[in-house]
Amino acid sequence: AKAKGRNNYQFFAQELAVLSSYRLSLRNKLKTAIEEEQFSLVYQPKVTTKENRIVGVEALIRWKLPDGQVIPPDEFISAAEDNGLILPISDWVFEEAIKQAKAWSDVAPSYFTVAVNMSARQFQQPDLVENLMALLHKYELPTRFIELEITESMVMEDVESAIRILARLRKLGIRIAIDDFGTGYSSLGYLKSLPIDCLKIDKRFVDELFKSKADRALVSTIIYLSHVMGVQVVAEGVETEEALKLLDDMTCDLIQGYYFSKPVAPDDITVMLANNDTS
Ligand code: C2E
Ligand code: CA
Ligand code: CA
Ligand code: CA
């Protein structure tokens with residue numbers, strides 16, 4: 001048993017060494033990526049459930065190495081949160097998204113928004129609001145064009161302080177969305193104290209819609225509660241017409257997902273906006 005234990009330990013130590021050298025090389029690659037601007041943003045439309053009219057887009061980061069290899073955000077965002085590089089990356093994302101939103105602000109309808117994912121570290125920065133306002137000022141973009149997506153778990157980290165920050169941002173005219181709703185540990189009861197405009201139901205729940213009556217009841221309840229509180233609801237990761245129909249029956253306001261469009265380059269969004277029925 002002892003020998004086996006040691007073997008396990010050696011195996012574990014080896015795994016750890018592999019993991020930490022992977023992290024280290026990822027860190028170095030991320031540093032270069034920031035310096036050499038290897039990132040880009042793609043945008044995924046959010047559309048009305050009924051008419052499939054575009055009301056906004058979500059900015060999603062892409063990282064392409066010089067050798068053509070693409071690393072998905074799920075693989076580097078959390079590592080960047082851990083090693084602190086998320087701050088310069090987030091700065092780049094925000095500036096790029098605001099620049100693009102400014103370009104669209106002339107051709108898009110007045111209710112059009114560009115949603116940006118907020119990182120956990122960024123949300124903890126004491127000068128978050130000032131930095132954001134300075135950027136909006138630099139590009140002369142009215143605050144109403146920007147929506148910030150904040151995950152449920154980021155809010156639950158420190159609810160009181162989150163509420164204060166969100167209320168400040170909203171007062172300035174920035175829209176707030178709760179991302180990945182249902183994956184964290186908050187109770188539905190928290191919903192009523194959060195100063196938010198929009199709630200995004202996580203793809204996990206959308207995928208389960210056809211599994212059981214209980215799953216459908218859960219989604220219906222979230223939509224109902226949100227509406228009572230004047231909060232708009234987006235279903236994430238909608239891939240099929242069946243899901244769209246069911247969500248429409250449940251009076252879900254907006255959908256986002258491959259059913260309508262994958263995340264695409266900014267020029268593709270410009271074309272979609274030109275064809276958007278705004279009547
Ligand atoms: P998220 O914010 O929940 O973004 C939604 C993810 O679902 C995106 O993955 C999107 O491409 C994907 N998606 C959308 N519709 C569908 C669908 O119908 N089916 C399927 N299977 N997937 C769909 P992506 O772009 O790989 O991003 C993954 C996560 O990485 C994001 O989840 C977000 O947490 C993070 N992320 C992405 N961009 C940024 C960024 O600029 N800043 C920060 N802080 N995080 C980001
Ligand atoms: Ca998001
Ligand atoms: Ca999400
Ligand atoms: Ca997610």
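**A cavity, two calcium ions and a helix pair**

Visitor: Which elements each supply at least two residues of the lining of the largest cavity?
Guide: This is a predicted model, and its largest cavity is lined by residues including E152, V155, M156, I178 and F181. Residues 152-157 form α6 and residues 175-181 form β6. The elements that each give at least two lining residues are therefore α6 and β6.

Visitor: What is the volume of the largest cavity?
Guide: The structure holds one cavity of 30 Å³ or more. Its lining also includes S186, S187, L188, Y190, L191 and L194. The volume of the largest cavity is about 60 Å³.

Visitor: How many residues of the lining of the largest cavity are nonpolar, polar and charged?
Guide: E152 belongs to the lining, and Glu counts as charged. S186 and S187 are also lining residues, and Ser falls in the polar class. The full lining divides into one charged, two polar and eight nonpolar residues.

Visitor: Which residues coordinate the calcium ion (ligand 2)?
Guide: The donors of the calcium ion (ligand 2) are spaced E-x58-N-x31-E-x29-D along the chain. E58 lies in strand β2 (residues 54-64) and N117 in strand β4 (residues 113-117), so this pair ties together parts 59 residues apart in sequence. At 2.2 to 2.3 Å, the calcium ion (ligand 2) is coordinated by E58 (OE), N117 (OD1), E149 (OE) and D179 (OD).

Visitor: Where do D179 and E236 lie, and how many residues apart are the parts they tie together?
Guide: The calcium ion (ligand 3) has D179 (OD), D180 (OD) and E236 (OE), the last listed twice, as protein donors at 2.1 to 2.6 Å. Along the chain these donors follow the spacing D-D-x55-E. D179 is in strand β6 and E236 in the loop between β8 (232-235) and α10 (241-249), so the parts tied together are apart in sequence by 57 residues.

Visitor: Which residue bridges the calcium ion (ligand 2) and the calcium ion (ligand 3)?
Guide: The calcium ion (ligand 2) and the calcium ion (ligand 3) lie 3.9 Å apart. One residue is a donor to the calcium ion (ligand 2) through OD and also to the calcium ion (ligand 3) through OD. The bridging residue is D179.

Visitor: At what angle do the axes of helix α3 and helix α5 cross?
Guide: Helix α3 covers residues 86-105 and helix α5 residues 128-138, and their axes come within 10 Å. The contact is made by F94, E95 and I98 of α3 with L132, L135, L136 and K138 of α5; by class, five of these are nonpolar, none polar and two charged. The crossing is right-handed, at roughly 35 degrees.

Notes: Residues numbered from 1 in each chain as written. Chains lettered and ligands numbered in written order. Predicted model: local features only at pLDDT ≥ 70, side-chain atom pairs only at ≥ 80, totals over all residues. Heavy atoms only, no water. Axes fitted to C-alpha atoms, helices over the stretch in contact; angles between N-to-C directions. Helix = DSSP H or I, 4+ residues; strand = E, 2+ residues; numbered from the N terminus. Left-handed = near helix turned anticlockwise from the far one by under 90°. Contact = heavy atoms within 4.5 Å. 1 Å grid on protein atoms, 1.4 Å probe; cavity = no way out; pocket = protein on both sides within 12 Å on 5 of 7 lines; lining within 4 Å. Points joined across faces, edges and corners; volume = space filled by probe spheres on them. Donors = N, O, S within 2.8 Å, 3.2 Å for Na, K, Ca; no water.
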